[in-house]
Amino acid sequence: MKYYSTNRLAPLATLEEAVVKGLAGDKGLYMPEKIKALPSSFFEKMKDMSFQEISYVVADAFFGEDVDADTLKQIVYDTLPFDAPVVHVNNSIYSLELYHGPTLAFKDVGGRFMARLLGHFIRKQGKKEVNVLVATSGDTGSAVANGFLGVPGIHVYVLYPKGKVSPIQECQFTTLGQNITALEIEGTFDDCQALVKSAFMDKELNAHMQLTSANSINVARFLPQAFYYFYAYAQLAKMGKADNLVFCVPSGNFGNITAGLFGMRMGLPVKRFIAANNRNDVFLQYLQTGIYTPRPSVTTIANAMDVGDPSNFARILDLYGNSHEAVCEKISGCMYTDEEIAETVKSTFTETGYLLDPHGACGYRALKEQLKEGETGVFLETAHPAKFKDTVEAIIEEPVEIPGKLQEFMKGTKQSIGLQKDFEGFKSFLMNC
């Protein structure tokens, strides 16, 4: 399978080139030349298949032409030694719990898959070291860092905005050491993302070190996120609840919802998607006006969605032929303030006993407001509420138990390097690594 750039000014790339490069030479994002439709027999059998079995079929459609079957199966099965259950919350609304992986966030799926696929390509090429740059607004850093921890031939640099990730999230990537370096940037997530993109475009830096990205700009990070949409459908089909399915996705950089849209293109029976935003609602503004106007991000209690210029918007546009009308046919949007998010967390906990994290709260509230008669709604609960312990406890006025996995991270000592948001300082640091 060949991959083209969303800007269409770079040469076609192989999967290996797209994964190792991360970003195309014209600053575009890689897209597969074709999206294979899966046979109807697969959807009929899915309800009796495991998460790993379903994911391997989906992975084979994306990557099977470029990775041998045994290797790909090993990568998928190693990626997913945990579950992603669909849990009933209220009426026709279900939570897809994506926090059962090692860092308790949905990005464990993409992070672990990419680590294994990139490791495969590095061994194949005989490279000594590839350097992974990843910007994070919260969960990406921990998922990628833990996915790549100790992988031979890979060094990870995690860029995160100082004071703008939760303390527990910060622990998950600043305490690891080994081949993980945490860079604390004086700025926002958008500043961190801009530094990563600028690094890829700098010829001198790329001559000095082999660079790639593990953000959702990388096809090996975002495409595997389609796995759990198929698995969610399979679970609902087993319950007899899969008709008129609506997915609501808390959206920041838009890699997660884009993977779901790919799943729909492959034949997954989804009626429509809802993109739930916090106050960083540039996508909602696009839906309403047809004009995309990025702007500086603002800090909210749903910090992983604090993105003012979502990279994967380019993929959504490309997927729908740059047609505003076509995008609006499949995706609606909404925006919630911190006060509305907090009210949703509290009222849902009081009424149902289900504890939402601030991001999942946006998804749940959107379904409560927008779900139509006869539809089944699934929102993505993207991270465990304990990762936002202080925020959630202040809202529900009750203690939140910290899972053992998170407690282990909190025992470590923070190791991070402070940098300003200017590119020259960042480049100088990397040139001396």
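Start with the cysteines. The sulfur of C192 sits 16 Å from the closest cysteine sulfur, the one in C433, and that is too far for a bond. Keep in mind that this is a predicted model, so the distances here are computed from predicted coordinates. A disulfide is a covalent bond between the sulfur atoms of two cysteines. Searching the whole structure turns up zero disulfides. C192 is also buried, with a relative accessible area of 0%. Then there's C248, which is in no disulfide either: its nearest cysteine sulfur belongs to C334 and is 5.4 Å away. A pair has to be within 2.5 Å to count as a disulfide. Like C192, C248 is buried, and its relative accessible area is 0%.

Next, the annotated lysine. UniProt, in an unreviewed entry, puts the feature "modified residue: N6-(pyridoxal phosphate)lysine" at K107. In the model, K107 is part of helix α5, which covers residues 107-125. How buried or exposed is K107? Its relative accessibility is 9%, so K107 counts as buried, the cut-off being under 20%. Leaving out residues up to four places away in sequence, K107 touches D139, T140, A143 and R221.

Three of those names lead straight to helix α6, residues 139-148, where D139, T140 and A143 are among the buried residues. Nine of the ten residues of α6 are buried, so this helix is largely enclosed by the rest of the structure. Besides the three already named, the buried set takes in G141, S142, V144, A145, G147 and F148. And what does the covering? The elements over the buried residues of α6 include α5, the strands β6 (130-135), β7 (154-161) and β8 (180-185), and the helices α7 (167-174) and α10 (219-222). Just past the end of α6, G150 takes a positive phi of about 80 degrees.

Helix α12, residues 255-265, tells a similar story. Ten of its eleven residues are buried, so α12 is largely enclosed by the rest of the structure. The buried ones are G255, N256, I257, T258, A259, G260, L261, F262, G263 and M264. Look at what flanks this helix, too. Ahead of it, F254 lies in the loop between β10 (245-250) and α12, and F254 has a positive phi of about 70 degrees even though it isn't a glycine. At 4% relative accessibility, F254 counts as buried. Just after α12, G267 has a positive phi as well, of about 115 degrees.

Another non-glycine with a positive phi is N322, at about 60 degrees. N322 is in the loop between α14 (313-319) and α15 (324-330). Where F254 is buried, N322 is exposed, with a relative accessible area of 59%.

For helix packing, turn to α16 (residues 338-352) and α17 (residues 358-370). Two packed helices are described by the angle between their axes and the distance between the axes. Here the angle is about 80 degrees and the axes are 9 Å apart, so α16 and α17 are roughly perpendicular to each other. On the α16 side, the contact is made by E340, I341, E343, T344, V345, T348 and E351, while α17 supplies P358, A361, C362, Y364, R365 and K368. Sorted by type, these contact residues are six nonpolar, two polar and five charged.

Stepping back, UniProt lists residues 93-379 for "domain: Tryptophan synthase beta chain-like PALP", again from an unreviewed entry. Over that stretch the chain is 47% helix and 17% strand, and the C-alpha atoms at its ends are 8 Å apart.

Two loop residues from the early part of the chain round out the tour. T6 lies in the loop between β1 (2-5) and β2 (13-14) and, at 15% relative accessibility, counts as buried. Setting aside neighbours within four places in sequence, T6 is in contact with G28, L29, M31, A314, R315 and D318. K47 is in the loop between α2 (40-45) and α3 (51-63). At 34% relative accessibility, K47 counts as partly exposed. With residues up to four places away left out, K47 touches A234, A237 and K238. From the C-alpha atom of K47 to that of G101, 54 residues apart along the chain, the separation is 22 Å.

Definitions and conventions: Residues are numbered from 1 along each chain as its sequence is written. This is a predicted model: local features need pLDDT of at least 70, side-chain atom pairs count only at pLDDT 80 or more; totals for chains, interfaces and linings use all residues. Side-chain values use heavy atoms; hydrogens and water are left out. UniProt positions are given in the numbering used here, feature names are shortened, and annotations may be inferred rather than shown by experiment. Helices (H or I, at least four residues) and strands (E, at least two) are DSSP runs, numbered from the N terminus. Buried means under 20% relative accessible area, exposed over 50%, partly exposed in between (1.4 Å probe, protein chains only). Contact means heavy atoms within 4.5 Å. Axes are lines fitted to C-alpha atoms, for helices over the stretch in contact, and angles run from 0 to 180 degrees between N-to-C directions. Angles under 35 degrees count as roughly parallel, over 145 as roughly antiparallel, 65 to 115 as roughly perpendicular and the rest as oblique. Ala, Val, Leu, Ile, Met, Phe, Trp, Tyr, Cys and Pro count as nonpolar, Asp, Glu, Lys and Arg as charged, and the others, Gly among them, as polar.
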